[in-house]
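User: I should like to learn how to read disulfides and helix packing in a protein model. Could we take the disulfides before the helices?

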Amino acid sequence: MPGFELFGDLERKEVNDVLDNGVLMRYGFDGMRKGHWKAKELEAELAKTFNSEHVQLVSSGTAAVSVALASAGVGAGDEVIMPTFTFVASFEAIMMLGAIPVLVDVDDTLTLDPKAVEAAITPKTKAVMIVQMCGSMGDMDALRRICNTNELIFVEDSCQAIGGTYKGKPLGSIADVGCFSFDFVKTITCGEGGAVVTNNKDYYINADHYSDHGHDHIGSDRGAETHPFLGYNFRISELNAAVGLAQVRRLPEFIELQKRNYTIIRETLVDLPEVQFRTVPEGGEESYAFLNFFLPDLEFSRKVSKAFKENGIDVCWNYYDNNWHYIREWHHLKDAKSLYPLSADLKHELSELKTKDFSQSDHFIGRNISCLIKLSWTEEEVKLRAEKMKDCIIKSR
Ligand SMILES: *Cc1c(COP(=O)(O)O)cnc(C)c1O
């Protein structure tokens, strides 16, 4: 997945444009810029890449999720359904708005189980947020139906699935509003950065204003602009956007490399009877950022993880005991360890997490091995790695 592996002259040239004129901010200073508008250019480029009408760049993927939810009107007391397997950013972004994360089970797609989503809907539910984890996706048609039937906002966190598609559409462009991260370990990077992507003009205008203190961005005198509603600062800088501009143009090259490396490993493991690849919904194509497979049980996958480590196979994880990606170790969340007071209804929902039954999620996450696919590996290195992985699995029998 990581765009940080391939960084060079193209990125340097874009950054130098910004350094030459010294305008590090994305808004204003028109006269000094010498025509360089890196954030605006990157937004236009991302709109093409993700086949979406509107893109709002922000300072991170976490900010993108908060801004997306705020732009769709999600706030205090609203419940947002999200998966148990994701990155901590998902609940952080929801809670920042005073909204309530409602965690539900994942299935063999490694993201939201539509049945679990349906069962979690209450009169307070406002949105469903799918997280397209590890380069793939959930059943988008089923989730769309559920959202339409129950009049819920459908949000798509595609931070880990840049370049994946579902029925020909880019992941991130399918729900009502999509979110991307361009942090340092994502498929393309800005160093730090994120984007809100939508075909809904109202959400876009809200995101544009909200992420810049409520500025309406009308006219050419920033100080004279009005503030139709309250905002915040989630702006990206021109330096970060410049890096992203070079990176996004290389995305097809990155996906090709990922696909080659992924395919070599997959084909090496495919005949092992204990390896079952994750389910990709019909019509879906992964971004090839990760290769995910299930082993027969938790004990076996722990054994294989250990064997991988001992044999120099890095960047492969079983997330069952992971501190950042799976609910089991999110004690700070379950214990509501906040620096500042939280609302009573939020605290109540979080305390429920201590006793809720997530055995279905445990069943899938416990058996899962998730392998990052690097861009910098040579074909020979990948082949060697794949054979070693196969050996480790056989020897764990
Ligand atoms: C990386 C990531 C985020 C947060 O992105 P940042 O840019 O690091 O804030 C959110 N969701 C998922 C699924 C991610 O992987």
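Analyst: Please note that this model is predicted. A disulfide is a covalent bond between the sulfur atoms of two cysteines. In this structure, the count comes to one disulfide.

User: Which cysteines does the disulfide join?

Analyst: The disulfide joins Cys 316 to Cys 371, with an S to S distance of 2.3 Å. The link is right-handed, with 115° about the S-S bond. Distant parts of the chain are linked by this pair: Cys 316 lies in strand β13 and Cys 371 in strand β14, 55 residues apart.

User: Is Cys 316 buried or exposed, and is Cys 371 buried or exposed?

Analyst: Cys 316 is buried, at a relative accessible area of 11%. Cys 371 is also buried, at 1%.

User: Why is there no bond between Cys 159 and Cys 179?

Analyst: The cut-off for a disulfide is 2.5 Å between the sulfur atoms. The closest cysteine sulfur to that of Cys 159 is in Cys 179, 6.5 Å away, which is too far for a bond. Cys 190 is likewise in no disulfide, for the nearest cysteine sulfur, that of Cys 159, is 12 Å away. Cys 190 is buried, with a relative accessible area of 2%.

User: How does one describe two packed helices?

Analyst: One gives the angle between their axes and the distance between the axes. Here, helix α2 and helix α8 pack at an angle of about 30°, with their axes 8 Å apart. The crossing of α2 past α8 is left-handed. Residues in the contact include Leu 42 and Leu 46 of α2, and Ala 241 and Leu 245 of α8. By class, the contact has seven nonpolar, two polar and five charged residues.

Terms used:
Residues are numbered from 1 along each chain as its sequence is written. This is a predicted model: local features need pLDDT of at least 70, side-chain atom pairs count only at pLDDT 80 or more; totals for chains, interfaces and linings use all residues. Side-chain values use heavy atoms; hydrogens and water are left out. Axes are lines fitted to C-alpha atoms, for helices over the stretch in contact, and angles run from 0 to 180 degrees between N-to-C directions. Helices (H or I, at least four residues) and strands (E, at least two) are DSSP runs, numbered from the N terminus. A crossing is left-handed if the near helix is turned anticlockwise from the far one by less than a right angle, and right-handed if clockwise. Contact means heavy atoms within 4.5 Å. Ala, Val, Leu, Ile, Met, Phe, Trp, Tyr, Cys and Pro count as nonpolar, Asp, Glu, Lys and Arg as charged, and the others, Gly among them, as polar. Buried means under 20% relative accessible area, exposed over 50%, partly exposed in between (1.4 Å probe, protein chains only).
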